[in-house]
Amino acid sequence: MSQTPVFITRPLLAVLLELAADASPQSVTVSLSATAAADLDPQSAPAEAKSDGSVRRLDDLEPDTPVFSDFYFPDVGNALEFVFGVDLGTPAGQTQARFLSHPDGNPELSMRDDLHATVLVAVPPWEPANVVGFGRNGTERSLVTVAAVAPETDFDADY
């Protein structure tokens with residue numbers, strides 16, 4: 001039985017790898033949330049990515065395909081988490097995946113990793129080819145980068 005690939009937007013993957021590089025030699029853990037492909041905006045893929053198939057076009061996906069497109073900053077809410085043991089920086093039940101960096105270069109899941117339904121593990125050098133996807137049971141899943149971006153959101157606040 002083949003595993004469903006993990007889809008992630010190209011900009012999100014770039015930001016996650018930058019966070020991992022900035023944190024190195026420490027590891028980083030980031031909560032990820034998905035958006036249905038139909039709700040994303042298409043982005044043009046670089047010519048070299050189109051030729052080697054490393055980036056898929058948004059219109060190649062079914063409209064309801066979940067694509068990881070957003071993240072929650074890893075340090076938001078840490079002060080309260082340290083005191084009360086509750087992660088208030090990430091909305092409960094709203095993240096379907098976790099991105100982990102392993103600066104030691106081992107791409108395998110460990111017992112210390114915070115498992116979600118989907119886990120992405122990155123190792124140095126911090127490049128897209130060095131990110132591995134896993135399912136909840138530790139089975140490796142292919143990672144597919146999608147030429148798309150999350151739609152811009154206006155934050156209207158009534159003060």
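Which residue takes a positive phi in the hairpin of strand 8 and strand 9? I looked this up first, bearing in mind that the model is predicted. The residue is G138, with a phi near 90°, and the hairpin has 4 residues between its strands.

**Entry: strand 8 and its partners.** I then examined strand 8, residues 131–135, and found 5 of its 5 residues buried. V131, G133 and G135 point one way from the strand, whereas V132 and F134 point the other way. I note the general background that side chains in a regular strand alternate between the two faces of the sheet. On pairing, I recorded 5 bridges between strand 7 and strand 8, which run antiparallel. T118 stands opposite G135 of strand 8 in this register. Strand 9, residues 140–141, is also antiparallel to strand 8 and is joined to it by 2 bridges. Here G133 stands opposite R141.

**Entry: nonpolar cores.** I listed the largest nonpolar core, which has 17 residues. Its members with the most contacts inside it are I8, L16, L32, F68, F99 and L120. At least two residues each come from strand 1 (6–9), helix 1 (10–23), strand 2, strand 6 (97–101) and strand 7 (118–122). Helix 1 gives the most, with 5 residues. In soluble globular proteins, nonpolar side chains tend to be buried together.

I followed L120 outward, not counting residues up to four places away in sequence. L120 touches V6, I8, L32, R98, F99, L100, V131, V132, G133 and L143. Apart from the largest core lies another, of 9 residues, including A37, L58, V67 and A148.

**Entry: S31.** Is S31 buried or exposed? I found S31 in strand 2, residues 29–36. S31 counts as buried because its relative accessibility is 4%, under the 20% cut-off. Its side chain makes a polar contact with the side chain of R98, at 2.8 Å. R98 is also one of the residues that L120 touches.

**Entry: confidence.** I checked the pLDDT of the protein chain and noted a mean of 80, with 73% of residues reaching 70 or more. Among the elements, strand 1 has the highest mean pLDDT, 96, and helix 3 (residues 78–84) the lowest, 45. Over residues 76–92 the pLDDT is below 50. Beyond near neighbours in sequence, I recorded 13 contacts for this stretch in the model.

Note on methods. Residues numbered from 1 in each chain as written. Heavy atoms only, no water. Buried < 20%, exposed > 50% of the residue type's maximum accessible area, 1.4 Å probe, protein only. Polar contact = N/O pair within 3.5 Å; in protein donor to acceptor, adjacent residues only side chain to side chain. Core = buried A, V, L, I, M, F, W, Y, C linked by side-chain atoms within 4.5 Å. Contact = heavy atoms within 4.5 Å. pLDDT = per-residue confidence, 0-100. Pairing = 2+ DSSP bridges.
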